[in-house]
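Could you walk me through this model in my viewer, one selection at a time? I would like to know what to pick next and what I will find there.

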Amino acid sequence: VSDMMKELNEVYQQLGPRFIFRKGLNRLELPLCEIGVVDSVCLKYSKKRLKKRMQSENSLEDILETISLWDEIGEYTGFGRYRFLRAVQHREAIQGIAKYVEKHHPQTVVEVGTHLGGSLYVWTRYLEPERIVCVDLSYQEREQFLKEFLPTESTLIKGDSTKSQTATQVDEALNGKSIDFLYIDGSHAYE
């Protein structure tokens, strides 16, 4: 695999990012993103696409159209590991939660189980809180991308939501603020 990555890096250096994306090498896109320079290009152009899409959002419906849901493909499509924002909920479920919570004007949101960032995107764009604290086992190296739409006072905690050390990290991130909306979609283990 490392030889393949070296060879792909050489091809990339010779041909440039436009050639690679134009030729539609979708199957190679994720392995290519393992190469730092390609990943930074994927991130840059994914951020541009997301910003453009965000400018067209005027309602909850528009926000929901941006992300991919359980059974729908969203309007936003990026590159590599930033290809999409996905919520595993059905539209009616996430829409109902967002409308209900919005009535209470939450300023501090905590999400346990961020996964691919779809619900996080909805909370951020629709609820417009001052602060969001997220907990997930793995952000799949998408932290820089997620920070593109998060409020300035946000914290992404990589950890197991069932561990006391993670709870301590959440407390520290909250810095004495109370939680206005807690969304738990984390550990699905049943004991």
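## A tour by selection

Start with Phe181 and Tyr183, which are both buried. Keep in mind throughout that this is a predicted model.

**Stop 1: aromatic rings.** A search of the whole structure turns up six aromatic pairs. Select Tyr121 and Phe149: their ring centres are 4.9 Å apart and their planes stand at 80°, so this pair is edge-to-face. Tyr121 belongs to helix α6 (residues 118–127), while Phe149 sits in the loop between α7 (143–146) and β3, so the pair ties together parts that are 28 residues apart in sequence. Both Tyr121 and Phe149 are buried. Now go back to Phe181 and Tyr183, which form a tilted pair with 6.1 Å from centre to centre and 45° between the planes. If you are wondering how such pairs are described, the distance of the centres and the angle of the planes do the job. Before leaving the rings, select Tyr76, Tyr82 and Phe145, which form one aromatic cluster.

**Stop 2: helix α6.** How many of the 10 residues of α6 are buried? Eight are, and the helix is mostly covered. Colour Gly118, Ser119, Leu120, Tyr121, Val122, Trp123, Thr124 and Leu127 to see the buried residues of α6. To see what covers them, show α3 (36–55), α4 (60–66), α5, β1, β2 and β4 (181–184), which are included in that cover. Just after the helix, click on Glu128, which takes a positive phi of about 50°.

**Stop 3: Ser119.** Stay in helix α6 and zoom in on Ser119. Its relative accessibility is 5%, so Ser119 counts as buried. Show the side chain of Glu111 as well: a polar contact of 2.6 Å joins it to the side chain of Ser119. Setting aside neighbours within four places in sequence, the residues in contact with Ser119 are Ala87, Gln89, Ile94, Glu111 and Tyr183. You have already met Tyr183 as the partner of Phe181 in the tilted pair.

**Stop 4: the largest pocket.** Turn on a surface and look for the largest pocket, with a volume of about 330 Å³. It is lined by 23 residues, and those closest to its centre are Gly113, His115, Asp136, Asp185 and Gly186. Helix α6 and strand β2 are the elements that give two or more residues to this lining.

**Stop 5: two histidines.** From the pocket, pick His115, found in the loop between β1 and α6. His115 is not a glycine, yet it has a positive phi of about 50°. With a relative accessible area of 40%, His115 is partly exposed. Next select His105, in the loop between α5 (91–102) and β1. His105 also has a positive phi, about 45°, although it is not a glycine. Is His105 buried or exposed? At 55% relative accessibility, His105 counts as exposed. As background for this stop, most residues other than glycine have a negative phi.

**Stop 6: helix α8.** Select residues 164–174 to bring up α8, then highlight its buried residues: Thr166, Val170, Ala173 and Leu174. Look down the axis of α8 and you will see these fall within an arc of 100°, so they line one face of the helix. An α-helix has 3.6 residues a turn, so residues three or four places apart point the same way. Rotate to the other side of α8, where Ser164, Gln165, Asp171 and Glu172 are exposed. Which strands do the buried residues of α8 pack against? They pack against β1 (108–112), β2 (131–136) and β3 (153–158). Just after α8, Asn175 takes a positive phi of about 50°.

**Stop 7: Arg131.** Finish in strand β2, where you will find Arg131. Its relative accessible area is 9%, under the 20% cut-off for buried. Draw a distance from a polar atom of the Arg131 side chain to the backbone oxygen of Leu174, and you should read 2.8 Å. To show the rest of the surroundings, leave aside neighbours within four places in sequence and select the residues in contact with Arg131: Gln107, Thr108, Val109, Pro151, Glu153, Ala173, Leu174, Asn175 and Lys177. Among them, Ala173 and Leu174 are familiar from the buried residues of α8.

Note on methods. Residues are numbered from 1 along each chain as its sequence is written. This is a predicted model: local features need pLDDT of at least 70, side-chain atom pairs count only at pLDDT 80 or more; totals for chains, interfaces and linings use all residues. Side-chain values use heavy atoms; hydrogens and water are left out. Buried means under 20% relative accessible area, exposed over 50%, partly exposed in between (1.4 Å probe, protein chains only). Helices (H or I, at least four residues) and strands (E, at least two) are DSSP runs, numbered from the N terminus. The arc is that of the directions from the helix axis to the C-beta atoms. Contact means heavy atoms within 4.5 Å. A polar contact is a pair of N or O atoms within 3.5 Å; within protein, one must be able to donate a hydrogen and the other to accept it, and residues adjacent in sequence count only if both atoms are side-chain atoms. Rings of Phe, Tyr and Trp (its six-membered ring) pair if their centres lie within 6.5 Å; planes under 30 degrees apart count as stacked, over 60 as edge-to-face and the rest as tilted. On a 1 Å grid over the protein atoms alone, a cavity is a set of points where a 1.4 Å probe fits but cannot get out, and a pocket is an open set with protein on both sides within 12 Å along at least five of seven lines; lining residues have an atom within 4 Å of a point. Grid points are joined across faces, edges and corners, and a volume is the space filled by probe spheres set on the points.
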